[in-house]
Amino acid sequence: MELRHGTVTIQLLPDIAPRHVERIRTLVRRGFYDGTPFHRVIEGFMAQGGDPTGRGTGGSDLPDLPAEFVPASRARFLRGTCGMARAQNPNSANSQFFIMFAPAPSLDAQYTIWGRVVSGMEAVDRIKRGDPGRNGMVVDPDRLIRARMAG
């Protein structure tokens with residue numbers, strides 16, 4: 001991912017979440033994420049993007065995905081973990097994702113983990129933060145400039 005403050009490399013985890021990894025690959029190849037905002041960014045928690053509407057209500061034209069939750073013994077929400085955002089329904093993930101700034105054990109086995117940042121976390125740390133009083137919604141948000149698959 002190319003961000004305003006640098007390049008972020010994410011290792012995909014198909015052994016943990018094969019359907020979600022395939023969805024990310026498909027959307028990246030389509031250019032879906034290019035120019036999308038990090039619309040919800042909460043200091044000390046996470047940066048959320050992947051919604052072309054920028055409101056947290058949008059997704060791709062593909063169907064929602066069934067949850068691929070794994071026990072904390074297999075994968076945990078730590079700094080740099082990439083998870084899929086969803087509505088209250090556990091089977092509602094589509095295109096929105098988040099990158100953790102810090103560990104969040106409360107998310108373990110409740111959200112699908114599809115990857116982890118292996119380089120460029122300093123660029124993630126510089127994503128513009130949102131308003132804490134508005135659940136982290138960002139005015140004039142930073143954008144994911146370009147997402148590409150390596151290799």
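## A question to start with

Which residue in strand 8 does C82 stand opposite? The partner is G115. That pairing is a handy way into this structure, which is a predicted model, and the report returns to C82 after a look at the whole chain.

## The overall fold

Let's begin with the layout. The protein contains 2 helices and 8 strands, and following the sequence from its start gives the order β-β-β-α-β-β-β-β-β-α. The C-alpha trace extends about 35 × 30 × 30 Å along its principal axes. The radius of gyration is 14 Å, which agrees with the value near 15 Å that a compact globule of 151 residues would have.

Several totals help fill in the picture. Of the 151 residues, 48% are buried. Among contacts with a separation of 6 or more, 72% are between residues 24 or more positions apart. The exposed area comes to about 7400 Å², and carbon and sulfur atoms contribute 50% of it. As for charge, there are 20 positive and 15 negative charges, and their mean positions lie 1 Å apart.

## Strand 6 and its two partners

Strand 6 covers residues 81-84, and both of its faces are covered. On one side T81 and G83 are buried, and on the other C82 and M84 are buried too.

This strand pairs with strand 8 in the antiparallel sense over 3 bridges, and C82 faces G115 there. Strand 6 also runs antiparallel to strand 7, again with 3 bridges joining them. In strand 7, C82 has I99 as its bridge partner. C82 therefore has a bridge partner in strand 8 and another in strand 7.

## L13, a buried loop residue

L13 sits in the loop that leads from strand 3 (9-12) to helix 1 (18-30). Is L13 buried or exposed? Its relative accessible area is 5%, so L13 counts as buried, the cut-off being under 20%.

Beyond residues up to four places away in sequence, L13 touches V21, I113, W114, G115 and R116. G115 is a familiar name here, as the residue opposite C82. L13 and C82 are 69 residues apart along the chain, and their C-alpha atoms are separated by 9.7 Å.

## The loop between strands 7 and 8

The loop between strand 7 (97-100) and strand 8 (113-119) holds D108, and A109 and Y111 are found there as well. D108 has 10% relative accessibility and so counts as buried. Apart from neighbours within four places in sequence, D108 is in contact with A72, R76 and F77.

A109 is partly exposed, with a relative accessible area of 31%. Its phi is positive, at about 65 degrees, although A109 is not a glycine. Most residues other than glycine have a negative phi.

Y111 is partly exposed as well, at 23% relative accessibility. Leaving out residues up to four places away in sequence, Y111 touches F69, F77, M84, R86 and F98. F77 is also among the contacts of D108, while M84 is one of the buried residues of strand 6. The C-alpha atoms of Y111 and L65 are 12 Å apart, with their positions 46 residues apart along the chain.

## H39 and D140

H39 belongs to the loop between helix 1 and strand 4 (40-42). With a relative accessible area of 1%, H39 is buried. Which residues does H39 contact, leaving aside its neighbours within four places in sequence? They are Q48, G49, D51, G54, R55, G56, Q96, G136, M137 and V138.

D140 lies in the segment after helix 2 (121-125). Here the setting is open to the outside: D140 is exposed, with a relative accessible area of 62%. The phi of D140 is near 50 degrees, a positive value in a residue other than glycine.

How values were computed:
Residues are numbered from 1 along each chain as its sequence is written. This is a predicted model: local features need pLDDT of at least 70, side-chain atom pairs count only at pLDDT 80 or more; totals for chains, interfaces and linings use all residues. Side-chain values use heavy atoms; hydrogens and water are left out. Helices (H or I, at least four residues) and strands (E, at least two) are DSSP runs, numbered from the N terminus. Buried means under 20% relative accessible area, exposed over 50%, partly exposed in between (1.4 Å probe, protein chains only). Contact means heavy atoms within 4.5 Å. Two strands pair if DSSP finds at least two bridges between them. The radius of gyration is taken over C-alpha atoms; the globule rule is 2.2 Å times the number of residues to the power 0.38. Accessible areas come from the Shrake-Rupley method with a 1.4 Å probe; for residues, only the protein chains shown count as cover. Lys and Arg count as positive and Asp and Glu as negative; His and the chain ends are not counted. The place of a charge is taken as NZ of Lys, CZ of Arg, CG of Asp or CD of Glu.
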